[in-house]
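User: I would like to go through this structure and ask what stands behind each label. Please set the values against the cut-offs.

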Amino acid sequence: ETNYGLKRANFGDSKWKSKLKTLGMQESVVDAIGALEQRKAAAPKRSRSFKDEKPRRALRPPAMNEKLVQLLQQNSARSIDELLLRDFGLGVAGAQALAGLLERNSRVPVKTIDLSKNRICDLGAVALARAIKIQKTVQAISLSENYIGRGGAVALSDAIKINTTLQEINLFQNNIGDAGAVALADAIKINTTVQEIQLYQNCIGYLGVVAIADAIKINRTLTKIHLSQNNIGDAGVVALADAIKINTTVQEIHLSQNYIYDEGAVALADAIKINMTVQEIHLSQNKILNEGFVALADAIKINRTLTKIHLSENYMGDVGAVALADAIKINRTVQEIHLSSTIISDEGAVAMADAIKINRTVTKIDFGNTPTIHRLGRKALSEAQQINQSVEVLLTENQSVEATHVNQIFRRGLINR
């Protein structure tokens, strides 16, 4: 609490009632918020996944949402740093009311707004976008899992073009599609403050990622790009790779679960040879084979900025592991390597063990859920860890992935050891 105001407004806090009373709020006001909390607690829990749920009405009628906004305005609006209303059942009406508050008090020092999982839909996002255009303090906004769709993304993009304070935007799982991604890309070309944008699981395909790639070529403030769980494919990664060759600010690239094969991995490897700012690459849960891993390993030999590499749940065999081990012997910046749920066997594990004995910068290697590493490989890794005690090697004792699945991969000829 600062200056008799709320430093942090988080209505999920069990001590909120006593805090508000301490601030001298009237008993009727405290009871009003208590009623809101009781309604939320009494709401039926849904067993269905979020994906299958349809937007439903807010847990409270619009009048109650208005009362909440009035409460914030009258008692604490001038001293809130963080407005955290995640999963609070605001709905469209609540989002519109809150947006109205922000519009009427554009200089209220709210720096972080989290309205995730409130089903504000496109209309709620449109209202918030209007507020963001004139808000002078908001630095981070999270609207994840809100059904904002293309319309909400387009409205937000118009706001981002004008806003000069936003640094972080989280739009995870909003089904914005290619049209929404294109609109946001246009905004990123103009905006000079946004540093991180999260677009996980948004049905973004080739057209959307090409637009984002074009924006990255121009933008000079973005440092983190989250595009995991979309449908980018190799063609999309090729476009991104061309942009990364030019860009000098992006530090993290998240592309897990995007149907990326060797072609995309090779293109990204070529970009990493040139780019000297990227520090983290996330390529887990794709379809990369040994050709892609050999190309990435060659790039790691040259690159001097990468610190974390996530390659889990791909088809990496011993050829890829040996190539990566050779790269680690030379590289002096990589600190974490994630290789869980691959098909590396003892040969690849022994090669990595030899690399660990020489390398002194790697602090973590994750081999979890790798059923093809047996006694010889485990022994080699254990001995290497005794020599280099600064590295942590993760290898689960009871593998949960069945070896029969791995054997089927070999029989289909997808990969050579």
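Analyst: Of the 417 residues of the chain, 55% count as buried. Buried means under 20% relative accessible area, exposed means over 50%, and partly exposed lies in between (1.4 Å probe, protein chains only). This is a predicted model, where local features need pLDDT of at least 70 and side-chain atom pairs count only at pLDDT 80 or more, while totals for chains, interfaces and linings use all residues. Residues are numbered from 1 along each chain as its sequence is written, and side-chain values use heavy atoms, with hydrogens and water left out.

User: How many helices and strands does the chain have?

Analyst: The chain has 15 helices and 13 strands. Both are DSSP runs numbered from the N terminus: helices are H or I with at least four residues, strands are E with at least two. Among contacts between residues at least 6 apart in sequence, 86% join residues at least 24 apart. Contact means heavy atoms within 4.5 Å.

User: What makes Phe 172 and Tyr 200 an aromatic pair, and of which kind?

Analyst: A pair of aromatic rings is described by the distance of the centres and the angle of the planes. Rings of Phe, Tyr and Trp (its six-membered ring) pair if their centres lie within 6.5 Å; planes under 30 degrees apart count as stacked, over 60 as edge-to-face and the rest as tilted. The count by this rule is 1 aromatic pair. Phe 172 and Tyr 200 have their centres 6.3 Å apart and their planes at 75°, so the pair is edge-to-face. The two residues are 28 apart in the chain. Phe 172 sits in the loop between β5 (168-170) and α7 (177-190), Tyr 200 in the loop between β6 (196-198) and α8 (206-218).

User: Why is Tyr 200 called buried or exposed?

Analyst: Its relative accessible area is 18%, and the cut-off for buried is under 20%, so Tyr 200 is buried.

User: How do you know what span helix α4 should have?

Analyst: The expected span is 1.5 Å times one less than the number of residues. Helix α4 (residues 91-104) has 14 residues, so 20 Å is expected. Its end C-alpha atoms are 20 Å apart, which agrees. Buried residues of α4 include Gly 91, Ala 95, Leu 98 and Leu 102.

User: Why are α4 and α5 called parallel or antiparallel?

Analyst: Their axes come within 8 Å and cross at roughly 5°. That makes α4 roughly parallel to α5, because angles under 35 degrees count as roughly parallel, over 145 as roughly antiparallel, 65 to 115 as roughly perpendicular and the rest as oblique. Axes are lines fitted to C-alpha atoms, for helices over the stretch in contact, and angles run from 0 to 180 degrees between N-to-C directions.

User: Which residues meet there, and of what class?

Analyst: Among them are Val 92, Ala 95 and Leu 102 in α4, and Cys 121, Leu 128 and Ile 134 in α5. The contact has 10 nonpolar, 2 polar and 2 charged residues. Ala, Val, Leu, Ile, Met, Phe, Trp, Tyr, Cys and Pro count as nonpolar, Asp, Glu, Lys and Arg as charged, and the others, Gly among them, as polar.

User: What makes α8 and α9 parallel or antiparallel?

Analyst: The axes of α8 and helix α9 (residues 233-246) come within 8 Å and cross at roughly 5°. α8 and α9 are therefore roughly parallel to each other. The residues in contact include Tyr 206, Val 210 and Lys 217 in α8, with Ala 235, Asp 242 and Ile 246 in α9. By class, this contact of α8 with α9 holds 10 nonpolar, 1 polar and 2 charged residues.

User: Why do Arg 119 and Gln 257 get their accessibility labels?

Analyst: Arg 119 has 11% relative accessibility, under 20%, so Arg 119 counts as buried. Gln 257 has 34%, between 20% and 50%, so Gln 257 is partly exposed. Arg 119 is in the loop between β3 (112-114) and α5 (121-134), and its phi is near 50°, a positive value in a residue other than glycine. Gln 257 is in the loop between β8 (252-254) and α10 (262-274). Phi of Gln 257 is near 55°, also positive in a residue other than glycine.

User: Why is Ala 299 called buried or exposed, and what is it in contact with?

Analyst: Ala 299 has a relative accessible area of 0%, under 20%, so Ala 299 is buried. Ala 299 lies in helix α11 (residues 290-302). Neighbours within four places in sequence aside, Ala 299 is in contact with Ala 269, Ile 272 and Lys 273.
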